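Hi,

Here is the structure I promised to pass on. Have a look at it first, and then read my notes underneath.

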Amino acid sequence: MSKKKGAIRHYFQAIAVAVLAALVLRAFVIQAFRIPSGSMKDTLLIGDFLLVNKFVYGAQTPRRIWGTDIEIPNFRMPALSQPKHGDIVIFKYPKNERLDYIKRCVGLEGDTLLVKNNTVYVNGEPEGKETFLKREFDPEEGRYVNYFQVEKKSGKTYTIRKYADVHSPKSNFGPVVVPEDHLFMMGDNRDNSSDSRYWGFMPRDNVEGEALVIYFSWDKHEPMLDLLDAIRWNRIFKVIL
């Protein structure tokens, strides 16, 4: 009987260690994240599941006791780097820190941001060289969309979308100066994104991590029975730029 109890205790100890290790990894190294909206289309699609590097910007210990509003002392670990122009960042939404948002960083502290005719200018220069790629109808949004490649001086490239026939109320915005210890965030789906143009600057302290890779992707518009068709196979293990 004692051997059986010892085996059971060993089994539960192994589970406890595994759970603890998983919690530590989630809190300080890698976290899974699901895309719930189309604000980052087509870089990130609804139904994409991501891995987020929390270590690179300096992971934080929890701010509250889990499941409650009780705040506890917390600290941020040393960072390997800071968010840069063009990085895709996961952060706590400033208006409700229980929500996680994901956007692209277009402005750092001290930058002057101006959006003119739906083109973003940083310190008087376009965010990058824009090259027209294609015009395509988006059935989810019911509009034709123009796709542009943005190439930054650093060599980093990414794709943004702009409605072909109408622009958002914030297609002209600013100029504004990003205050100290804040960032200016925007979605790649420029005319359908709730971002810093609407809710303001994002405190650096709200940064959680950098998007790394898509490990799974599911198209919710496909019938559930068509499992093989619903999985976006071409997006699995896609590196996020």
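**What I found**

Let me start with a strand pair: β5 (residues 112–116) and β6 (residues 119–122) run antiparallel and are joined by four bridges. One residue to look for there is L113, whose bridge partner in β6 is V122. Before you go further, please keep in mind that this is a predicted model.

Those two strands belong to an open sheet of four, in the order β7-β6-β5-β11, with antiparallel pairing. At the edges you will find β7 (125–126) and β11 (173–177), each of which pairs on one side only. As a reminder, strands of a sheet pair through backbone hydrogen bonds, either parallel or antiparallel.

For the wider picture, the chain has 15 strands and three helices. It runs to 241 residues, and 40% of them are buried. If you count the contacts with a separation of 6 or more, 56% are between residues 24 or more positions apart. The accessible surface of the chain is about 13700 Å², and carbon and sulfur atoms account for 60% of that.

**Aromatic rings**

How many aromatic pairs does a search of the whole structure find? The search turns up eleven. Take F49 and F216: the ring centres are 5.9 Å apart and the planes sit at 55°, so this pair counts as tilted. F49 is in strand β2 (residues 48–53) and F216 is in strand β14 (residues 207–217), so the pair links distant parts of the chain, 167 residues apart. Both rings belong to partly exposed residues, with relative accessible areas of 23% for F49 and 26% for F216.

F137 and Y144 make another pair, with ring centres 5.1 Å apart. Their planes are at 65°, and the cut-off for edge-to-face is over 60 degrees, so this pair is edge-to-face. F137 is partly exposed at 41% relative accessible area, and Y144 is partly exposed as well, at 38%.

There is also an aromatic cluster made up of F91, Y93, Y101 and W199. Y93 is worth clicking on. You will find Y93 in the loop between β3 (88–92) and β4 (100–107). Is Y93 buried or exposed? Its relative accessible area is 13%, so Y93 is buried. Setting aside neighbours within four places in sequence, Y93 is in contact with L99, Y101, W199 and N206. Y93 and D195 are 102 residues apart in sequence, yet their C-alpha atoms are 9.6 Å apart in space.

**Charges over rings, and one asparagine**

Two lysines have their charged ends over tyrosine rings. The charged end of K134 sits over the ring of Y147, at 4.7 Å from the ring centre. For K170 the ring is that of Y198, and the distance to its centre is 5.7 Å.

Lastly, back to strand β2, where N53 is located. N53 has a relative accessibility of 18%, and the cut-off for buried is under 20%, so N53 counts as buried. Which backbone nitrogen does the side chain of N53 reach? That of V56, at 3.1 Å.

Best wishes

Conventions: Residues numbered from 1 in each chain as written. Predicted model: local features only at pLDDT ≥ 70, side-chain atom pairs only at ≥ 80, totals over all residues. Heavy atoms only, no water. Phe/Tyr/Trp six-rings, centres within 6.5 Å; stacked < 30°, edge-to-face > 60°. Buried < 20%, exposed > 50% of the residue type's maximum accessible area, 1.4 Å probe, protein only. Lys NZ or Arg CZ within 6 Å of the ring centre and 35° of its normal. Pairing = 2+ DSSP bridges. Polar contact = N/O pair within 3.5 Å; in protein donor to acceptor, adjacent residues only side chain to side chain. Contact = heavy atoms within 4.5 Å. Areas by Shrake-Rupley, 256 points an atom, 1.4 Å probe, with all protein chains shown as cover.
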